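Here are some short exercises to work through with the structure open beside you. Try each task before reading its solution.

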Amino acid sequence: MSAADRLAQIRSQISEAESAAGRAAGSTKLIAVSKTFEGSDILPVIQSDQRLFGENRVQEAKSKWPALRETAPDIELHLIGPLQSNKAREAVELFDVIHTVDRDKIAAALATEMRALSRTPKLLVQVNTGLEPQKAGIDPRETADFVARCREHHGLSISGLMCIPPADESPGPHFALLAKLARDLGLAELSMGMSGDFETAIAFGATYVRVGSAIFGKRDYPA
Ligand SMILES: *Cc1c(COP(=O)(O)O)cnc(C)c1O
């Protein structure tokens, strides 16, 4: 099966999951996660009218996307991997949505670069719902305070929350926790669900699902 065929299949699974959850058709936005794949793999997916793409590394995105963007004017590029403050400028230049704001140092760096570049990417706060020490994201118990600091201290507008549940746990409780935090904070966007669990995430209210291998195939090397 080609990536275009797999994309069509994912789109219909998303529609079915929306309808099963009693949600409006089209209320879930699909981000095709193209990390590790080359332009020649990504182009057929752009040609199948996919417009939202996710990358997890600034350098890799910088090497691939300026050329790919020229193939369609309305491509939206999403940063879904951890961000270092020394990459904040490049991230603000390249990305339309940044899902991984998770500490004050990053919030401050983004605020500075957004002012300098007069660009306002949409921002989401990453929450470490499983409290995994090796994983990025803010502690769920500190999320409300952090979002308030982003707004009041750093002058950033936060659109939603993102999580990556622990690989060895059932994702439902993590999606439920993220949805509750977002609801309590009045945040509209919920970035949750990957190839293995996007239908579950839609049932819990995901507005962005991030699907890589189910569209592009197995990655040759870990991202
Ligand atoms: C790689 C990645 C994905 C996509 O994972 P798949 O299992 O290939 O769908 C989603 N979100 C993040 C943050 C990722 O790094």
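The exercises below concern a predicted model, and they go from the overall fold to the ligand site.

**Exercise 1.** Describe the fold and judge how compact the protein is.

*Solution.* Start with the secondary structure: the protein has 9 helices and 8 strands. Next, take the radius of gyration, 17 Å, and set it against the globule rule, which gives 17 Å for 223 residues; the two are close, so the protein is as compact as a globular protein of that length. Finally, along the principal axes, the C-alpha atoms fill a box of roughly 50 × 40 × 30 Å.

**Exercise 2.** Find where the ligand sits and characterise its shell.

*Solution.* First locate the site: the ligand occupies the largest pocket. Then list its neighbours, which include Val 33, Ile 80, Met 162, Ile 164 and Met 194. Sorting the shell residues gives 6 nonpolar, 3 polar and 3 charged.

**Exercise 3.** Which polar atoms of the protein lie by oxygen atoms of the ligand?

*Solution.* Begin with Lys 35, where a polar side-chain atom is 2.7 Å from a ligand oxygen. Move on to Gly 212, whose polar backbone atom lies 2.8 Å from an oxygen of the ligand. Then check Arg 219: an N or O atom of its side chain is 2.8 Å from a ligand oxygen. To finish, consider burial: the ligand alone exposes 390 Å², and the protein buries 89% of that.

How values were computed
Residues are numbered from 1 along each chain as its sequence is written. This is a predicted model: local features need pLDDT of at least 70, side-chain atom pairs count only at pLDDT 80 or more; totals for chains, interfaces and linings use all residues. Side-chain values use heavy atoms; hydrogens and water are left out. A residue is near a molecule or strand if one of its heavy atoms lies within 4 Å of it. A polar contact is a pair of N or O atoms within 3.5 Å; within protein, one must be able to donate a hydrogen and the other to accept it, and residues adjacent in sequence count only if both atoms are side-chain atoms. Accessible areas come from the Shrake-Rupley method with a 1.4 Å probe; for residues, only the protein chains shown count as cover. Ala, Val, Leu, Ile, Met, Phe, Trp, Tyr, Cys and Pro count as nonpolar, Asp, Glu, Lys and Arg as charged, and the others, Gly among them, as polar. Helices (H or I, at least four residues) and strands (E, at least two) are DSSP runs, numbered from the N terminus. The radius of gyration is taken over C-alpha atoms; the globule rule is 2.2 Å times the number of residues to the power 0.38.
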